[in-house]
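User: I'd like a close look at one part of this protein: the sheet and what packs around it. Please take me through it strand by strand, and keep it friendly for someone who works at the bench.

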Amino acid sequence: MRLTITTFLTLDGVMQAPGGMEEDRSGGFDLGGWLPPHFDETVGGWMGETLERAEALLLGRRTYDIMAAYWPHVTDPAQGGPDNPLNRLPKYVATNRDDELTWSGSHRLDGDLAAAVTELKNRPGGELQVHGSGALARSLMREGLIDTYQLLVFPVVLGRGQRLFADGVPPAGLRLTGTRTSGTGVTMLTYDSAGAPAFGNV
């Protein structure tokens with residue numbers, strides 16, 4: 001399976017609490033909910049196409065808890081109800097907590113994270129998808145395990161909050177493989193990992 005990261009970002013790279021004010025207030029963050037005013041049919045369609053390619057989900061614990069509090073209770077057919085891929089797909093959770101994972105299809109990743117993720121990637125199938133999960137994504141960057149980045153960049157600048165590409169992530173080269181833009185100004189970018197970055201002088 002290819003390991004893909006799909007993340008909503010502001011123009012200045014913030015990924016924290018896109019969906020609502022109370023989604024993630026860690027660090028005193030009070031600017032949550034910056035996604036909904038810009039989420040249109042184009043963005044929704046792109047996300048639907050993304051989930052259709054998923055073989056399984058790989059989630060950090062905070063993102064898992066946020067999603068597990070919402071998606072199992074969705075009954076609206078327009079959102080897929082119980083057949084939504086988020087409910088139907090296997091979910092592998094990187095967590096140090098030992099409480100029960102109650103969302104159907106959830107599995108705890110034990111032991112060494114890099115070894116566990118490598119074992120998942122070696123299984124046959126389409127994409128092993130990470131959604132959100134910033135701390136997990138940065139751990140995977142350090143291990144060189146990410147094949148594709150799917151970044152949805154929203155026309156918002158916040159100036160503070162958790163960032164996907166925080167200080168300390170390893171340098172990396174990327175190759176642009178796809179773009180789409182919504183009428184609300186959201187740019188959907190797909191990059192494949194391309195090894196070490198190139199440097200030069202101008």
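Analyst: A definition to start with: two strands count as paired if DSSP finds at least two bridges between them. Please keep in mind that this is a predicted model.

Let's begin inside the sheet, with strand 1. Leu-3 stands opposite Leu-128 in strand 5, and strands 1 and 5 run parallel, joined by 5 bridges. Strand 6 (residues 148-154) also pairs with strand 1 in the parallel sense, over 7 bridges, and there Leu-9 faces Val-153. Because 8 of its 9 residues are buried, strand 1 is largely enclosed by the rest of the structure.

Now for the whole sheet. It is open and has 8 strands in the order 4-3-2-5-1-6-8-7, with mixed pairing. At the edges stand strand 4 (106-109) and strand 7 (174-181); each has a single partner strand, so one side of each is left without a neighbour in the sheet. From one strand to the next, the twist averages 25°.

At the strand 4 edge, strand 3 (residues 91-94) runs parallel to strand 4 and is joined to it by 4 bridges. Ala-94 has Leu-109 of strand 4 as its bridge partner. Helix 2 (residues 61-68) packs on the sheet, where it touches strand 2 (54-60), strand 3, strand 4 and strand 5 (127-131), and its direction makes about 115° with that of strand 2. Helix 4 (residues 113-121) packs on the sheet too, touching strands 1, 2, 3, 4 and 5, with its direction at about 135° to that of strand 4.

There is also a pocket to look at. The largest one holds about 1,300 Å³ of space. Its lining has 43 residues, and the closest to its centre are Phe-8, Thr-63, Met-67, Trp-71 and His-131. Strand 1 supplies at least two residues of that lining, as do helix 1, helix 2, helix 3 (85-88) and helix 5 (134-142).

One residue of helix 1 deserves a stop of its own. Thr-50 sits in this helix, which spans residues 41-52, and it counts as buried because its relative accessibility is 1%, where the cut-off for buried is under 20%. Leaving aside residues up to four places away in sequence, Thr-50 touches Thr-6, Gln-129, His-131 and Gln-150. With Gln-150 there is a polar contact between the two side chains, at 3.4 Å.

How values were computed. Residues are numbered from 1 along each chain as its sequence is written. This is a predicted model: local features need pLDDT of at least 70, side-chain atom pairs count only at pLDDT 80 or more; totals for chains, interfaces and linings use all residues. Side-chain values use heavy atoms; hydrogens and water are left out. Buried means under 20% relative accessible area, exposed over 50%, partly exposed in between (1.4 Å probe, protein chains only). A polar contact is a pair of N or O atoms within 3.5 Å; within protein, one must be able to donate a hydrogen and the other to accept it, and residues adjacent in sequence count only if both atoms are side-chain atoms. Contact means heavy atoms within 4.5 Å. Axes are lines fitted to C-alpha atoms, for helices over the stretch in contact, and angles run from 0 to 180 degrees between N-to-C directions. On a 1 Å grid over the protein atoms alone, a cavity is a set of points where a 1.4 Å probe fits but cannot get out, and a pocket is an open set with protein on both sides within 12 Å along at least five of seven lines; lining residues have an atom within 4 Å of a point. Grid points are joined across faces, edges and corners, and a volume is the space filled by probe spheres set on the points.
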